[in-house]
Amino acid sequence: MSNIVFEKENFKIKCAEKEDALTIYELIKGIAEYEKMLDEVENTPEMIKEWLFEKKTAETYIGEEYGKPVGFILFFHNYSTFVGRAGIYVEDLFVIPEKRGKGYGKLLLAFAAHTAVERNCGRMEWTCLNWNKPSLDFYESIGAVKMTEWTTHRLAGNTLSKFAKSLK
């Protein structure tokens with residue numbers, strides 16, 4: 001059985017498999033470097049194998065040009081209490097810098113949108129760094145609406161642990 005889910009000319013999108021953990025890890029490092037956050041990457045290929053392929057917490061698809069990885073998209077389902085259906089949350093979309101401008105990112109994002117529609121999801125969402133003008137312009141060009149009235153909050157590391165202990 002083929003793991004190719006989309007094919008157009010020299011570009012393919014394939015469903016990632018456990019054997020792709022190192023490739024996914026390298027692409028994650030690529031997006032972290034682009035976002036100037038490489039020092040925040042704690043992930044490892046072993047963690048990717050556990051969380052993505054054993055625990056199946058998210059879906060990952062790799063974009064390949066002539067059989068070589070050039071990007072990826074990683075998403076998972078969330079649930080909207082207002083819409084009353086699941087949605088897709090895109091955690092990461094990345095195309096290596098030297099392959100940008102060929103439409104690969106758009107194809108990866110369109111694949112996620114197609115998946116959302118196919119699964120009868122109510123919406124698809126993601127975040128983008130405020131300084132990332134090329135991505136913001138791209139998202140606007142496809143009709144995505146910027147949710148300026150919402151602010152993302154995060155608890156992580158020691159702060160997460162400390163707050164979790166308040167349950168006792």
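Start by selecting Ser-135 and Asn-132 in this predicted model: their side chains are joined by a polar contact of 3.1 Å. Ser-135 sits in helix H4, which covers residues 133–141. Try colouring by accessibility here. Ser-135 has a relative accessible area of 19%, and because the cut-off for buried is under 20%, Ser-135 counts as buried.

Next, select Trp-131 and Tyr-34. Their ring centres are 5.9 Å apart and the planes meet at 50°, so this is a tilted pair. Trp-131 belongs to the loop between E6 and H4, while Tyr-34 is part of helix H1, so the pair ties together parts that lie 97 residues apart in sequence. Are these two rings buried or exposed? Each falls in between: Tyr-34 is partly exposed at 26% relative accessibility, and Trp-131 is also partly exposed, at 42%. A search of the whole structure turns up 7 aromatic pairs. For another aromatic stop, show Tyr-61, Phe-75 and Phe-111, which form one cluster.

Now switch to a cartoon view and pick out the strands. Six of them, in the order E1-E2-E3-E4-E5-E6, make an open sheet with mixed pairing. Which strands stand at the edges? They are E1 (4–8) and E6 (124–126); each has a single partner strand, so one side of each is left without a neighbour in the sheet. From one strand to the next, the twist averages 25°.

Zoom in on E2 (residues 11–15) and E3 (residues 59–65). These strands run antiparallel and are joined by 5 bridges. To see one partnership, select Ile-13 and its bridge partner in E3, Gly-63. Then bring in helix H1, residues 21–34, which packs on the sheet and touches E3, E4 (68–80) and E5 (85–95). The direction of H1 makes about 80° with that of E5.

Finish inside, with the largest nonpolar core. It holds 35 residues, of which Ile-24, Ile-48, Ile-73, Phe-75 and Val-90 touch the most other members. At least two residues of this core come from each of E2, H1, H2 (45–54), E3, E4, E5 and H3 (104–118). In soluble globular proteins, nonpolar side chains tend to be buried together.

For a last selection, centre on Ile-24. What is in contact with Ile-24, leaving aside its neighbours within four places in sequence? Show Ala-16, Ile-48, Leu-52, Phe-53, Thr-60 and Ile-62 around it.

Note on methods. Residues are numbered from 1 along each chain as its sequence is written. This is a predicted model: local features need pLDDT of at least 70, side-chain atom pairs count only at pLDDT 80 or more; totals for chains, interfaces and linings use all residues. Side-chain values use heavy atoms; hydrogens and water are left out. Two strands pair if DSSP finds at least two bridges between them. Helices (H or I, at least four residues) and strands (E, at least two) are DSSP runs, numbered from the N terminus. Axes are lines fitted to C-alpha atoms, for helices over the stretch in contact, and angles run from 0 to 180 degrees between N-to-C directions. Contact means heavy atoms within 4.5 Å. A nonpolar core is a set of buried Ala, Val, Leu, Ile, Met, Phe, Trp, Tyr and Cys residues joined through side-chain atoms within 4.5 Å. Buried means under 20% relative accessible area, exposed over 50%, partly exposed in between (1.4 Å probe, protein chains only). A polar contact is a pair of N or O atoms within 3.5 Å; within protein, one must be able to donate a hydrogen and the other to accept it, and residues adjacent in sequence count only if both atoms are side-chain atoms. Rings of Phe, Tyr and Trp (its six-membered ring) pair if their centres lie within 6.5 Å; planes under 30 degrees apart count as stacked, over 60 as edge-to-face and the rest as tilted.
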